[in-house]
Amino acid sequence: MRRILTALVFAGIGSMAAAQSSTSPVVVELYTSQGCSSCPSADRVLEKLSSRDDILPLSLHVDYWDYIGWADTFANPAFTERQKVYARNMGERMIYTPQMVINGGAHVVGNRPMDVADALNLAKDTRGATSLSVRLDGSTLRIQAMAIDPAGAPYAVQFVTYLPEETVKIKRGENAGKEVTYVNVVSGWQHVGEWDGTGEFTAAVNTTPEEDEHAVILQKANQGEVVAAARLR
């Protein structure tokens, strides 16, 4: 069954599904692990955020807790490296779980709901208007971005795939015996291209199997500030 295309700010559906993001949603990246005893509570916070259209919450599983005795079934060393880049950008000397990175520019402990709410409110107050549209043409996702502030260039255009919900029975490690449900589990993160912010950016990428959801994230280079995002549901 063909998926309906929406954006975090809805624009409409035509004969070819299409949508546009006129006000950038807040992108939340949760760095988590099945082997971390503090993470299930943060995973539940992310689950609550997943019902909101003004937020794009993503669960990125890291691999540095695997040595404790349970190898995270979703872990990807590339996500560990991504978290390390954020730590360097923010002047932090170490990485940790559960960590939420908000719009690429701020971080909070992911299992502290009040801190998360404060960071989200601040991000919503400072987000700007950016024209990012996506449309699904058969099995091809077509991306279009219109001119934005070139002072922040170059911008990285990224295509993200994720699983809406997965439940895992953890047999060993700190969470042994627990059954944890994860939402928006990132399964792929593809760099589509770079853009100087002028004129119009267009690109096309092949979509993944139907069990995956899709999102497009526009971010300043070197994992800087996220300036726009849109997703397929």
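Arg82 is buried in this predicted model, at 7% relative accessibility. Its partner is buried too: Arg82 makes a salt bridge with Glu29, with the closest N and O atoms 3.0 Å apart, and Glu29 comes in at just 1% relative accessibility. Since Arg82 belongs to helix 2 and Glu29 to strand 2, the pair ties together parts that are 53 residues apart in sequence.

That bridge is one of seven in the structure. Here are three of them, with the distance between the closest N and O atoms.

| Salt bridge | Closest N and O atoms |
|---|---|
| Arg82 and Glu29 | 3.0 Å |
| Asp54 and Arg52 | 3.0 Å |
| Lys84 and Glu81 | 3.5 Å |

Lys84 and Glu81 both sit in helix 2, three residues apart, or about one turn of the helix. An α-helix has 3.6 residues a turn, so residues three or four places apart point the same way. Lys84 is partly exposed at 34% relative accessibility, and so is Glu81 at 42%. As for Arg52, its relative accessible area of 31% makes it partly exposed. Arg52 and Asp54 also join Lys124 in a network of salt bridges.

Back to helix 2 itself. The helix runs for 13 residues and spans 19 Å from first C-alpha to last, close to the expected 18 Å. At its N-terminal end, Asn76 acts as a cap, placing a side-chain oxygen 2.8 Å from the backbone nitrogen of Ala78. After the helix comes Gly91, with a positive phi near 75°. Besides Arg82, the buried residues of helix 2 include Phe79, Thr80, Gln83 and Val85. Among the elements covering the buried residues are strand 2, strand 3, strand 4 and strand 9.

Between helix 2 and strand 4 there is a loop, and Thr97 lies in it. Thr97 is buried, with a relative accessible area of 11%. Its side chain makes a polar contact of 2.6 Å with that of Trp65. Farther along the sequence than four places, Thr97 also touches Tyr31, Thr32, Cys36, Cys39, Val62 and Tyr64, among others.

Then there's the largest nonpolar core, with 19 residues, where Leu132, Leu141, Ile143, Trp195, Val216 and Leu218 touch the most other members. Strands 6, 7, 8, 10, 11 and 12 each supply at least two of the core residues, and strand 12 gives the largest share, four. Trp195 has contacts beyond its sequence neighbours that include Ala145, Met146, Tyr155, Phe201 and Leu218.

Key. Residues numbered from 1 in each chain as written. Predicted model: local features only at pLDDT ≥ 70, side-chain atom pairs only at ≥ 80, totals over all residues. Heavy atoms only, no water. Buried < 20%, exposed > 50% of the residue type's maximum accessible area, 1.4 Å probe, protein only. Polar contact = N/O pair within 3.5 Å; in protein donor to acceptor, adjacent residues only side chain to side chain. Contact = heavy atoms within 4.5 Å. Core = buried A, V, L, I, M, F, W, Y, C linked by side-chain atoms within 4.5 Å. Expected span 1.5 Å × (residues − 1). Salt bridge = Lys/Arg side-chain N within 4 Å of Asp/Glu carboxyl O.
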